[in-house]
Amino acid sequence: MLHHVSVGVMNVERAARFYDSVLGALGYRRVMEFMPYAIAYGAETPVFWVQLPHNQSPATVGNGVHVGFVAMTKDMIGAFHRAALAAGGTDEGAPGPRPDYGADYYGAFVRDLDGNKLEAVLVQRPAASQGATKRKRRASKKKRRATTKPKASRTKKKAKAKRRRR
């Protein structure tokens, strides 16, 4: 659904040092830059932008807004949190389970140098069993076949089956 997210900062070069370290801990990298105005991060394409506000007013933080970054492991979440604190960020929630968000939710929260709230998160969802998936596919195929056969053909088959039973 989302194409990208942007956060405003007061100084892009200063923010770049913070984000290079913090997002690097999650396996993301700087993929685009328009210094001294903006930089963007992602795995391959720019998804998260750090920039000066377009209206040239001071950057402000959205109350209740935070950006959550996907982490592949709990160790990455710990590295994200440590890197943020080492780069001058503020602790907003140490790495750990978040039972209020779900049984399989694990995350950490920090604030960047300008007060933007960030999260690294890992949500482990149970993998669907292959047997259940195959059964669903078979049932779906049967349903499609049954609905695509002409009605007359089904009626003839029912009549033949009745005659056989007699």
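1. Helices (H or I, at least four residues) and strands (E, at least two) are taken here as DSSP runs, numbered from the N terminus. On that basis, the chain of this predicted model contains 4 helices and 8 strands. Read from the N terminus, its elements follow the order β-α-β-β-β-β-α-β-β-β-α-α.

2. As for the chain as a whole, it has 166 residues, of which 30% count as buried. Its accessible surface amounts to about 11500 Å², and carbon and sulfur atoms contribute 54% of that area. Where contacts link residues at least 6 apart in sequence, 51% of them join residues at least 24 apart.

3. One sheet deserves separate description. This sheet is open and has 4 strands in the order 1-4-3-2, with mixed pairing. Strand 1 (5–8) and strand 2 (29–34) lie at the edges; each has a single partner strand, and therefore one side of each is left without a neighbour in the sheet. From one strand to the next, the twist averages 20°.

4. Helix 1, residues 12–24, packs on this sheet and touches strand 1, strand 2, strand 3 and strand 4. The direction of helix 1 makes about 10° with that of strand 3.

5. On pairing within the sheet, a general remark applies: strands pair through backbone hydrogen bonds, in either a parallel or an antiparallel sense. Here, strand 3 (residues 38–42) and strand 4 (residues 48–51) are paired in the antiparallel sense, over 4 bridges. At residue level, I39 has V50 of strand 4 as its bridge partner.

Terms used. Residues are numbered from 1 along each chain as its sequence is written. This is a predicted model: local features need pLDDT of at least 70, side-chain atom pairs count only at pLDDT 80 or more; totals for chains, interfaces and linings use all residues. Side-chain values use heavy atoms; hydrogens and water are left out. Two strands pair if DSSP finds at least two bridges between them. Axes are lines fitted to C-alpha atoms, for helices over the stretch in contact, and angles run from 0 to 180 degrees between N-to-C directions. Contact means heavy atoms within 4.5 Å. Buried means under 20% relative accessible area, exposed over 50%, partly exposed in between (1.4 Å probe, protein chains only). Accessible areas come from the Shrake-Rupley method with a 1.4 Å probe; for residues, only the protein chains shown count as cover.
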